[in-house]
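Student: Please take a close look at one part of this structure, the small sheet and the helices beside it. How is that part put together?

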Amino acid sequence: VCHPDTRIPDFKWQQNLRAAQHHKEKLKWLCLVGSSGKHGSAGSLPLAEKLFKNYFPGVIVVAPLPGELAPDFEDLENTRDALQKLILDCEYGPKDIVIDITGGQKTASVAAAMVTLDRPDLVFQYVGTQEHTGDVFGFEAKTRRHEER
């Protein structure tokens with residue numbers, strides 16, 4: 001029995017672990033992005049970074065947007081801009097990048113889709129819940145302009 005003042009931190013990264021596990025054979029680099037705010041996941045980034053490093057030895061795990069640098073997942077432009085900057089700063093090309101939207105807010109999911117629109121090789125993914133628990137769904141969102149090429 002836990003003492004009433006003892007709290008287990010709210011850890012929001014379980015589904016993201018499933019997402020990374022899906023790519024474990026090819027995974028080389030993992031960038032964790034948490035949301036800002038009092039209840040945002042950016043507060044648990046140090047713990048998440050340690051956990052992912054433990055589960056995926058040999059994989060480079062980074063969390064480049066801690067605390068106040070983390071995007072507000074309810075702010076479309078802020079989240080989109082953060083994702084675009086991370087992609088531009090990444091040493092890997094769009095064919096090697098997957099943006100996982102599992103566990104984020106709906107606005108953050110829209111931002112991820114927007115980032116992929118002009119990058120036809122960039123994929124975003126989601127780990128299913130309920131009857132689809134553990135299933136990984138990948139999406140290649142593109143504008144019609146890219147589909148016609």
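Tutor: The sheet comes first, then the helices. This is a predicted model, in which local features need pLDDT of at least 70, side-chain atom pairs count only at pLDDT 80 or more, and totals for chains, interfaces and linings use all residues. Residues are numbered from 1 along each chain as its sequence is written, and side-chain values use heavy atoms, with hydrogens and water left out.

Helices (H or I, at least four residues) and strands (E, at least two) are DSSP runs numbered from the N terminus; two strands pair if DSSP finds at least two bridges between them. The open sheet has 3 strands in the order E3-E4-E5, with mixed pairing. Strand E3 (98–100) and strand E5 (136–139) each have a single partner strand, so one side of each lacks a neighbour in the sheet. Strand E4 (residues 123–127) runs antiparallel to E5, joined by 4 bridges. Valine 127 has valine 136 in E5 as its bridge partner.

Helix H4 (residues 106–117) packs on this sheet and touches E3 and E4, where contact means heavy atoms within 4.5 Å. The direction of H4 makes about 155° with that of E4; axes are lines fitted to C-alpha atoms, for helices over the stretch in contact, and angles run from 0 to 180 degrees between N-to-C directions.

Helix H3 (residues 76–89) packs against H4 at about 45°, with the axes 8 Å apart. Residues making this contact include Leu83 and Ile87 of H3 and Val110 and Met114 of H4.
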